[in-house]
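Here are some exercises to work through with the sequence and the model open side by side. Try each task before reading its solution.

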Amino acid sequence: MVVKAPLIEIKNLTKEFNGKQVLSNISFNIMPGQIFGIIGQSGAGKTTLMRTLVGFYKADKGSIIFRGKNIRDDIKYIRSIFGFCTQENAFYEELTVMENMRYFGRLYGLQNKLIEERIEELLKLVELFEHRNKLATEISGGMKRRLDLACALIHRPHVLILDEPTTGLDPLLKKHMWTLIKRINQIGTTIVISTHLMEEVEVLCNDVAIISNGKLLVVGTTDQLKNWYSRNEEIHLETYPGRYQQIVKALKSYNLPIPYVTHEGHKVIIYTPYAERVLHYIIHVLEEMNERLLDVDVNKPSLNEVFEALTKRQR
Amino acid sequence: MKKILAVLEKNFKRLVRSKVSALVIFLGPFFLITIIGLAFNSSGLNNVVIGAHAKVNNTNIETLLNSIRSQDINVRMYDDGQRCINSVVDGDTNLCILFPEKIDASNKIQFHVDYSRLNLVFAVLKIISAEVQNQSSKIGEDLTKDLLSKVKITAVTMKSSSDVLDNMRRNANALGYQLTNITQQLDKMSLSMDFSKMNTTELRNQSKEGNKGVKSFKASMDSGIAKNKKQLESLDANLKSDRVLLADKKDVIMELKRNVSIVYNNLSCVDKTYIFANRNASQILDRLKQSDKKDCALLFSVMKVIDDNINDLNDIDKQMVDAQAMITSARQDLLDMERQSRLVTNQTTSGITELNAQLDDVDKTVADTKARIAQLNKSKNALKQQLGMISGKLSTNDQSFAELKGNLDGIVKNLENVSMITPDSIINPLATEIKPLQKNKTKLSYIFPGLLVLVIMFVSVLLSSTLVMKEKASKAFFRNLISPTSDFTFIFGNYLTSIIIIYVQTIILIAIGSLFFNVRLFPIIDGILISIFFIGSLFIFLGMLIGYMFKSEETTTLAGIFISCILFLFSSMVVPIESMQAAVAMIAKVNPFVLSEAVLRQVMIFEGSPFKLPLLIMMLSGYIIALAALSFYYLKFTKEKID
């Protein structure tokens with residue numbers, strides 16, 4: 001079996017802004033041809049990590065190695081083979097679809113003929129060819145996301161970085177976008193995607209890194225993550241008068257098989273591999289505290305909920 | 001280059017597709033120049049109304065008001081002074097003139113002005129002041145004529161006084177000259193004598209010695225003469241005895257000769273054939289020797305010896321006679337000598353006595369002379385001192401006279417000059433004529449450079465800052481920055497966009513100014529375009545810097561307007577820089593707006609090259625480089641702040 005060398009190696013990456021550590025000692029590898037997901041809450045450091053990946057920010061500590069070479073050694077080259085899609089559409093609304101692509105094509109130093117060929121090819125790929133002469137401001141939100149994607153692909157990058165590409169899209173458009181991303185990946189482009197949607201991760205990503213508050217929590221394949229989190233069940237409790245803080249404190253004081261308990265709004269959330277047994281004890285504790293049980297719900301957690309719980313625990 | 005063109009194309013498309021932007025860019029300057037051209041394309045004041053109040057109407061006031069009216073200024077008369085002043089406050093009039101009852105130096109004409117309308121006030125005041133000045137001049141002219149005639153009389157009197165002073169000065173100079181001569185003569189007069197040469201002591205000693213010598217001489221003479229006398233007596237006696245002896249001997253020899261002659265004759269020695277006449281003894285002797293008469297020869301020789309002896313004896317006798325005569329003569333000489341010696345001795349002795357007496361007199365006279373000379377020297381020095389003082393006083397007097405004369409001449413000259421001046425030149429001492437350096441210019445021509453700089457400044461600052469801010473606000477900005485394109489491309493692309501728009505606007509302004517308002521600009525278009533390159537670049541980079549420095553579009557626009565207003569207010573467009581405080585004026589002089597206006601004024605009003613002001617061009621270039629460098633720095637800084 002041939003072991004592939006990583007395309008990108010992130011080693012002990014640290015980045016600070018105004019004395020505040022935004023990324024802290026992050027290390028992971030991205031293999032060639034995969035879709036790599038970076039999951040984290042807003043402000044977790046995903047965007048900073050991705051901008052550092054493309055050389056826009058300079059790391060304070062650590063390094064990013066692309067095909068065995070530090071990206072800082074030839075940043076111009078790195079920029080010419082990396083594509084980047086931001087959370088918001090990074091093109092000019094006053095220009096037409098084609099003009100935007102032509103403009104960015106020129107910025108990447110492509111010949112006019114090649115630009116025109118790529119424009120046609122990409123617009124067809126993102127299904128915007130019919131709208132090529134429309135001003136960017138005149139097309140719909142989904143089309144704008146696809147135009148943004150097309151702009152990021154105009155120079156045919158080796159690595160495409162997508163920063164929350166489906167944010168703000170309706171489910172249908174999301175799925176359309178996912179199909180598009182898969183298609184781009186199938187033509188050999190390595191994709192790094194940041195998202196906070198576990199569904200997106202499940203659909204698209206091979207490997208996933210979860211970061212919170214600038215720290216890397218876990219790295220692995222989606223299957224590995226699911227397997228690990230499938231051991232726990234999730235119990236939701238609603239009580240009256242609802243002294244949730246005291247309930248959480250009390251549950252923590254008992255030596256119960258509860259790896260994680262918290263309260264959120266008007267409910268207490270408990271993760272446990274032994275839901276039935278633990279529920280018996282919980283009811284007992286609630287009686288002692290004179291809390292009346294209004295509602296109870298036991299289920300397997302989704303990846304999304306697992307992620308939230310994981311990041312909250314880290315906090 | 002391809003990338004710069006892409007940025008340029010993108011910028012223009014964005015600007016043009018924003019209809020309001022396009023309208024502002026192209027129609028803005030058109031409206032601006034049209035409005036300003038219509039407003040300022042004249043050279044006078046129109047619709048100016050001034051109020052006036054006079055307690056008493058007289059001809060002077062009427063004349064003055066009529067002359068003001070002749071300048072196209074409306075005059076509104078008020079019965080009450082306060083109402084007239086209030087009319088300025090209310091804005092009904094631009095200025096109020098209050099005339100006193102009597103117009104003269106002590107009663108002033110009052111102007112009530114509203115300085116908040118600074119430019120207008122000064123323009124109106126300028127015209128009215130000129131008219132008031134004219135009237136004032138006419139009144140002053142008569143007074144001045146009278147004054148000038150009196151000045152003429154004074155000048156004549158002063159001139160005659162000056163001539164008298166000249167005479168006094170000449171006399172004093174002559175006196176001084178004489179004094180100088182006397183002093184010089186006194187200096188030359190030497191009163192010193194060498195009395196050492198008048199020392200009689202030596203003479204007295206010599207006199208004594210002489211007396212002694214005379215006595216000694218007399219004694220030796222007497223002794224010598226007596227001795228010589230004696231010797232002469234002895235010699236004379238000897239001579240006498242010797243002569244007797246000689247005579248005896250001569251007789252003997254003569255006798256001998258007679259005897260020999262007899263022998264000779266006896267022997268017939270005489271050869272009768274031989275002519276003895278004219279023959280000397282030697283010849284005769286040789287004849288005798290040659291003959292056989294040896295004895296005869298011998299006798300002849302003896303006879304000859306005897307003749308010689310006789311001749312010798314005769315000679316000796318003769319000499320003795322001579323010696324006797326000499327002795328007699330010597331004796332006589334001795335007698336004369338003795339007599340002379342006595343005479344000399346006597347005379348010398350009496351001479352020495354007399355000499356001694358005279359020496360006594362000389363000593364007395366020398367002593368007296370010495371005393372007199374000392375007294376004389378003392379008097380001479382005193383006299384010289386007195387003369388020196390007099391001379392000094394005369395010199396001082398001369399200087400005073402000269403000064404007095406100079407002053408008098410100066411006064412006379414001044415008075416003559418004054419008398420030659422016309423009353424008009426006193427009333428209006430400064431003859432002025434305003435010659436504009438550039439003829440046939442309207443007000444618009446003069447304000448055009450400032451106006452153009454103002455337009456360029458506001459447009460450049462706001463346009464470039466807006467371009468930068470729009471770019472920064474656009475999410476595409478991030479995509480630009482992660483492309484393999486240098487910062488220079490974006491900055492230079494934005495700069496080119498702005499400068500092209502500035503040039504377009506300038507050409508619109510110039511075209512409308514030239515075609516419709518007769519502002520002569522096309523012949524100097526090259527100078528204008530070069531100047532605009534520097535001016536436009538400066539304000540574009542300033543705008544870009546503002547754009548990169550501030551975060552929001554609103555604050556950027558406010559900052560652009562604020563900075564532009566500061567630059568505008570600290571220029572001569574509102575208040576002259578020279579009227580500002582020294583420190584502020586110093587700063588204002590390096591204000592980019594002021595520098596830009598100076599360069600454009602050089603080109604547009606004086607029609608010169610902008611490079612005639614190399615320092616200003618260098619300063620503008622310095623600003624451009626500094627602002628461009630700061631723009632680069634802030635772009636890099638901005639990257640870190642992008643969300």
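The exercises below concern a predicted model, and each one is followed by a worked solution.

**Exercise 1. Confidence**

Task: Find which helix of chain B has the lowest mean pLDDT and which element has the highest.

Solution: Start with the chain as a whole. Chain B has a mean pLDDT of 79, and 86% of its residues reach 70 or more. Next, go element by element. Helix α9 (residues 423–427) of chain B comes out lowest, with a mean of 65, while helix α13 (residues 525–549) of chain B comes out highest, at 90. Where pLDDT is low, the coordinates should not be read in detail. For the model scores, note ipTM 0.76 and pTM 0.57.

**Exercise 2. The fold of chain A**

Task: Describe chain A by its secondary structure, its burial and its contacts.

Solution: First, go through the secondary structure: chain A has 11 helices and 14 strands. Second, turn to burial: of the 315 residues in chain A, 53% are buried. Third, take the contacts between residues at least 6 apart in sequence; 69% of these join residues at least 24 apart. Finally, look at the surface. Chain A exposes about 14900 Å², with carbon and sulfur atoms supplying 48% of that area.

**Exercise 3. A salt bridge within chain A**

Task: Work out which parts of chain A are tied together by the salt bridge between A:K46 and A:E164.

Solution: Begin with the geometry: the closest N and O atoms of A:K46 and A:E164 are 3.2 Å apart. Now place the two partners. A:K46 sits in helix α1 (residues 46–53) of chain A, and A:E164 in the loop between β7 (159–163) and α6 (171–186) of chain A, so the pair ties together parts 118 residues apart in sequence. As for burial, both A:K46 and A:E164 are buried.

**Exercise 4. Where the chains meet**

Task: State how many residues of each chain are in contact and what area is buried between chain A and chain B.

Solution: Count the residues first: 35 residues of chain A are in contact with 29 residues of chain B. Then take the area, which is about 2800 Å² buried between the two chains, 57% of it from carbon and sulfur atoms. Last come the charges. Of salt bridges between chain A and chain B there are six, whereas the structure holds 32 over all chains. One that joins the chains is B:E9 with A:R106, at 2.9 Å between the closest N and O atoms.

**Exercise 5. Two more bridges across the interface**

Task: Locate the partners of the bridges A:E88 to B:K475 and A:E94 to B:R14, and say how buried or exposed B:K475 and B:R14 are.

Solution: In the A:E88 to B:K475 bridge, the closest N and O atoms are 2.8 Å apart. A:E88 lies in the loop between β6 (82–85) and α3 (97–107) of chain A, and B:K475 in the loop between α10 (443–473) and α11 (476–481) of chain B, so this pair joins two chains. A:E88 is partly exposed at 44% relative accessibility, and B:K475 is partly exposed at 32%.

For A:E94 and B:R14, the closest N and O atoms are 3.2 Å apart. This pair also crosses between chains, from A:E94 in the loop between β6 and α3 of chain A to B:R14 in helix α1 (residues 2–17) of chain B. B:R14 counts as buried because its relative accessibility is 7%, under the 20% cut-off. Following shared partners, we reach one network of A:E94, B:K10, B:R14, B:K470 and B:E471.

Note on methods. Residues numbered from 1 in each chain as written. Chains lettered and ligands numbered in written order. Predicted model: local features only at pLDDT ≥ 70, side-chain atom pairs only at ≥ 80, totals over all residues. Heavy atoms only, no water. pLDDT = per-residue confidence, 0-100. Helix = DSSP H or I, 4+ residues; strand = E, 2+ residues; numbered from the N terminus. Contact = heavy atoms within 4.5 Å. Buried area = accessible area lost by both parts, 1.4 Å probe. Salt bridge = Lys/Arg side-chain N within 4 Å of Asp/Glu carboxyl O. Buried < 20%, exposed > 50% of the residue type's maximum accessible area, 1.4 Å probe, protein only. Areas by Shrake-Rupley, 256 points an atom, 1.4 Å probe, with all protein chains shown as cover.
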